[in-house]
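I opened the model to look up salt bridges, the nonpolar core and the surface. My notes follow in the order I made them.

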Amino acid sequence: MSARALPMSSTASDLISLTKPRLSSLVLITAAGGMFLAPGHFTPVRALITLLATAGTVGAANAFNCYLERHSDQFMARTRNRPLPAGRMDPNTALWFGLSLAAVSLPALVMGANLLTGVLGLIALLSYVLAYTPLKARTSAAMLVGAIPGALPPLMGWTAVTDRLDAGGFALFAIMFLWQMPHFIAIALFRKDEYAAAGLKSVPLERGDESSRAQVVLYLVALVPMTLLPFQLHIAGTWYLAAAVVLGLGFLGLGAWGFFKHLGKPWARQTFLFSLVYLTGLFAVMALDRIPRG
């Protein structure tokens, strides 16, 4: 399908859409959270450069993803109107846009933060594009691979300030990694038919709905105690501890309700939406109840 000529404003809008702004905004929130929670001092200018470079790196990864999945995107309601499957953009334009973003953003990440944060950004980009994206059509285990780049932004925010890998940064990484599991499975449950039409593998398609609901519960059982680590590591205080317990038990209760009642797509969508509220609330309270150090 050839791309149609469009006004410059429409082309700019389509280029921005390749970066998946809603997904990128969540990444920026967690990266900023890691930066804010880390011990030490970081100037506003360096923080801004780091966040913009992180946004560019994530945007590049998403643009490459749109390029590689342009054919399967035609079969999913939430993706078929993207610029490439809709035929509004030449695929080479998206490819060069992704390459340009990466070429600018990764060096800026090193200059704005440090080499360690730049290396983590490169790992996130490569693992998302070269491992997660092609694996999605082969195995549901791609979910675990994709959770790695998804969990790196708060660790990158932490290392931008500290220039080291330590327990606090890894705790934020672990929370994000485990949170993505019920989040991803919930999406795959209520969009099961679309995944099948697009030829993408998922836990529901490979293991069935019952196993998927059970996995949601198991990952939540692992997630809830993991969210207590920021309190134990003296990153956040007792208000955070209380919020983590309440939010965690609410999330776990929702997951268990779906498992024991054998609930379907409406429950899966509720679980997906609650996962967003849960993560936002967790990081917000963590930031508000931060224990200053360094």
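I started at Lys265, which is partly exposed, with a relative accessible area of 40%. The model is a predicted one. I looked for an acidic partner and found that Lys265 forms a salt bridge with Asp193, with the closest N and O atoms 3.3 Å apart. Lys265 sits in helix H13 and Asp193 in helix H8 (residues 192-198), so this pair ties together parts 72 residues apart in sequence. Asp193 is exposed, at 55% relative accessible area.

I then asked how many salt bridges there are by this rule. The count comes to eight.

I looked up two others. In one, the side chains of Arg88 and Asp14 meet at 3.0 Å, N to O. This pair links distant parts of the chain, 74 residues apart: Asp14 is in helix H1 (residues 8-18), and Arg88 is in the loop between helix H3 (44-68) and helix H4 (91-112). I checked the exposure of Arg88 and Asp14 and noted both as buried.

The other joins Glu210 and Arg213, with the closest N and O atoms 2.7 Å apart. Both residues belong to helix H10 (residues 209-226) and are three residues apart, about one turn of the helix. Glu210 is partly exposed at 34% relative accessibility, whereas Arg213 is buried at 7%.

Next I turned to the interior. The largest nonpolar core has 57 residues, and those with the most contacts inside it include Leu152, Trp179, Tyr240 and Tyr278. Helix H7 (residues 167-190) gives the most to this core, with 13 residues. Domain 1 (14-139) and domain 2 (166-293) both contribute residues, so the core lies between them. I listed what Tyr278 touches, leaving out residues up to four places away in sequence: Trp179, Leu223, Thr227, Leu247, Gly248 and Phe251. Another core, of 10 residues, lies apart from the largest one, and Ala60, Ala61, Leu125 and Tyr128 are among its members.

I went back to helix H13 (residues 265-288) for Thr271. Is Thr271 buried or exposed? Thr271 has a relative accessible area of 1%; the cut-off for buried is under 20%, so Thr271 counts as buried. Neighbours within four places in sequence aside, Thr271 is in contact with Ala186, Phe251 and Leu254.

Last, I looked at the surface. Val110, Leu115, Val119 and Ile123 make a nonpolar patch of about 320 Å². Helix H5 (residues 115-135) gives the most to the patch, with three residues. I checked Val119, which is found in helix H5, and noted a relative accessible area of 39%, which means partly exposed.

Notes:
Residues are numbered from 1 along each chain as its sequence is written. This is a predicted model: local features need pLDDT of at least 70, side-chain atom pairs count only at pLDDT 80 or more; totals for chains, interfaces and linings use all residues. Side-chain values use heavy atoms; hydrogens and water are left out. A nonpolar core is a set of buried Ala, Val, Leu, Ile, Met, Phe, Trp, Tyr and Cys residues joined through side-chain atoms within 4.5 Å. Buried means under 20% relative accessible area, exposed over 50%, partly exposed in between (1.4 Å probe, protein chains only). Helices (H or I, at least four residues) and strands (E, at least two) are DSSP runs, numbered from the N terminus. Domain bounds come from an automatic or database domain assignment. Contact means heavy atoms within 4.5 Å. Patches are made of residues with over 30% relative accessible area and no salt bridge: like charges are joined within 9 Å, nonpolar side chains (Val, Leu, Ile, Met, Phe, Trp, Tyr) within 5 Å. Accessible areas come from the Shrake-Rupley method with a 1.4 Å probe; for residues, only the protein chains shown count as cover. A salt bridge is a side-chain nitrogen of Lys or Arg within 4 Å of a carboxyl oxygen of Asp or Glu.
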